[in-house]
Amino acid sequence: MTSSTLTRLSRASGHGRPVAPVRIVHLGVGNFFRAHQAWYTEHAPDAAEWGIAAFTGRSPAMADALRPQDGLYTLITRGTDGDSYEVISSLSAVHSSAEHEAFLSYLRSPGLAIVTLTVTEAGYLRGADGHLDLTNPGVVADIRALRADPQAVVTTTPGRIVAGLIGRRAAAAGKLAIVSCDNLSHNGEVLATVVAELAAEVDPGLVGWIAANVAFGTTMVDRITPATTEELKASVLAATGTVDEAPVPTEPFSEWVIQGEFPGGRPAWDAAGARIVDDVAPFERRKLALLNGSHSLLAYAATILGHETVADAIRDPRCLAWVEQWWDEACAHIPLPAGELAAYRQALLDRYRNPNIRHALAQIASDGSLKIAVRILHTLRAELAEGRIPAGAARAVAAWVQHLRGLGAPVKDVAAAQVQALAAGTLEDSVAAVLAFLDADLAGNESLRAAVLAQAIELAELTR
Ligand code: CS2
């Protein structure tokens with residue numbers, strides 16, 4: 001193919017659907033969102049009425065890549081038996097986070113019905129007590145800026161949402177649903193809390209307006225979505241003849257369970273496979289413990305053995321046994337029928353074994369300071385409460401300790417300096433310090449400390 005015959009993805013060249021009116025604003029236009037919510041929206045029968053304006057996180061790179069191709073991109077679904085390619089058209093506009101005025105003007109529009117978020121665990125800026133961290137410099141700066149001028153540029157997620165809601169209230173633009181799609185327990189409640197707490201600092205009157213006009217939705221999201229590689233771009237070109245600077249690889253499996261009200265309506269996501277439920281909690285628990293928990297276990301423990309991807313790790317019988325042990329412990333505390341849990345575990349193994357999904361363990365290893373608590377501690381505490389010292393959960397914590405001490409995947413963490421300091425000193429000291437960081441009560445449990453230490457020693461021996 002010569003360069004003159006190459007076309008870049010664009011609506012003018014006949015790719016994708018016509019631009020739909022913006023009725024959803026999304027914060028955090030990463031690969032996961034593009035493989036998940038944007039795909040559900042694409043497949044909703046009323047997709048033509050529901051365009052998404054998506055904003056990047058701090059880096060504008062995704063907006064720079066998507067804008068020249070009109071927000072279009074190729075989703076490559078990688079099954080065990082091969083790839084399929086689909087152009088996704090549900091992004092009607094893409095902005096960098098710096099385009100704050102554009103964000104405010106969407107929020108002031110009565111046509112806007114929903115704000116969704118994938119800002120990662122780190123975006124919620126909670127302190128150790130679960131409340132908004134009022135000492136975070138970004139939070140402090142946003143509160144100061146909004147007190148002086150509600151239209152001032154703000155940078156944190158809670159700050160941006162509060163700024164948008166001030167604008168929406170002033171414009172009398174109507175009720176709104178705000179829906180978190182991050183891997184946190186009770187993600188809607190977490191978001192509602194940090195937003196209300198920041199609002200209270202800026203304008204106490206706003207808190208009541210939010211309570212009356214904003215419905216915070218809670219969701220469980222699931223689709224394994226690795227990073228985009230140059231090789232992938234080349235494969236899109238070879239398969240479709242189209243230049244795409246931002247394709248997304250994903251797996252065939254996808255799940256979205258949604259709890260909440262949508263006062264301004266929503267796309268018929270349920271017709272595209274999403275489940276609308278009264279209580280998302282059991283689904284969330286199942287996914288965070290079984291999928292994300294085993295992911296984190298492998299990210300720290302299997303990289304000590306030299307594995308690079310989930311598929312490599314799960315083929316190693318030692319790693320498989322670790323995962324099964326963790327799952328046995330976790331399943332005892334998930335309120336779903338045993339048959340359903342067994343089927344979910346089998347499906348997870350099939351997903352992990354998919355040889356066409358190269359999901360890097362080093363990517364999953366990031367931000368353990370936030371992920372371990374969400375993914376491992378519920379099971380750990382529940383097992384302790386029943387008088388057991390769970391070896392699988394202890395191994396996950398031990399592997400994180402060893403990761404912080406330099407074994408396995410490199411440390412990349414929003415709190416890197418703080419958590420790496422915990423890993424200094426003797427192994428015994430760092431086990432105690434890491435447990436105390438996770439939960440002071442855990443550090444006081446001598447049998448647990450001994451179990452984590454024993455697992456940490458065993459993991460280190462595997463490198464010899
Ligand atoms: C992973 C998740 O990177 C990680 O921490 O555990 O991104 C995981 O792949 C998704 O939650 C799957 O739905």
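## Exercises on His 26 and its sheet

In this predicted model, His 26 is in contact with Phe 33, Gln 37, Ile 52, Ala 53, Ala 54, Phe 55, Thr 116, Leu 117 and Thr 118, leaving aside its neighbours within four places in sequence.

**Exercise 1. Place His 26 in the fold, and decide whether His 26 is buried or exposed.**

Step 1. Find the element. His 26 lies in strand β2, which covers residues 22-27.

Step 2. Read the relative accessible area of His 26. The value is 0%.

Step 3. Compare with the cut-off. Buried means under 20%. His 26 is therefore buried.

**Exercise 2. Which groups does the side chain of His 26 reach through N or O atoms?**

Step 1. Look for a backbone partner. The side chain reaches the backbone oxygen of Gly 28 at 3.1 Å.

Step 2. Look for a side-chain partner. The side chain of Thr 118 makes a polar contact with that of His 26, at 2.8 Å.

Step 3. Check the limit. A polar contact needs the two atoms within 3.5 Å.

**Exercise 3. In what order do the strands of the open sheet stand, and which are the edge strands?**

Step 1. Write the order. The eight strands run β6-β3-β2-β7-β8-β9-β12-β13, with mixed pairing.

Step 2. Pick the edges. These are β6 (91-95) and β13 (275-276), as each pairs on one side only.

Step 3. Inspect one pair. Strand β3 (residues 51-55) runs parallel to β6, and four bridges join them. Ala 53 stands opposite Ala 93 in β6.

**Exercise 4. Which strands do helices α6 and α7 touch?**

Step 1. Take α6, residues 157-171. This helix packs on the sheet and touches β2, β3, β7 (114-117), β8 (176-180) and β9 (214-222). The direction of α6 makes about 170° with that of β8.

Step 2. Take α7, residues 187-202. Helix α7 also packs on the sheet, touching β7, β8 and β9. Its direction makes about 140° with that of β9.

**Exercise 5. Decide how compact the protein chain is for its length.**

Step 1. Count the elements. The chain has 21 helices and 13 strands.

Step 2. Compare two radii. The radius of gyration is 22 Å, and the globule rule gives 23 Å for 464 residues. The values are close, so the chain is as compact as a globular protein of that length.

Step 3. Add the burial. Buried residues make up 57% of the 464.

Step 4. Add the contacts. Among those between residues at least 6 apart in sequence, 76% join residues at least 24 apart.

Notes. Residues are numbered from 1 along each chain as its sequence is written. This is a predicted model: local features need pLDDT of at least 70, side-chain atom pairs count only at pLDDT 80 or more; totals for chains, interfaces and linings use all residues. Side-chain values use heavy atoms; hydrogens and water are left out. Helices (H or I, at least four residues) and strands (E, at least two) are DSSP runs, numbered from the N terminus. Buried means under 20% relative accessible area, exposed over 50%, partly exposed in between (1.4 Å probe, protein chains only). A polar contact is a pair of N or O atoms within 3.5 Å; within protein, one must be able to donate a hydrogen and the other to accept it, and residues adjacent in sequence count only if both atoms are side-chain atoms. Contact means heavy atoms within 4.5 Å. Two strands pair if DSSP finds at least two bridges between them. Axes are lines fitted to C-alpha atoms, for helices over the stretch in contact, and angles run from 0 to 180 degrees between N-to-C directions. The radius of gyration is taken over C-alpha atoms; the globule rule is 2.2 Å times the number of residues to the power 0.38.
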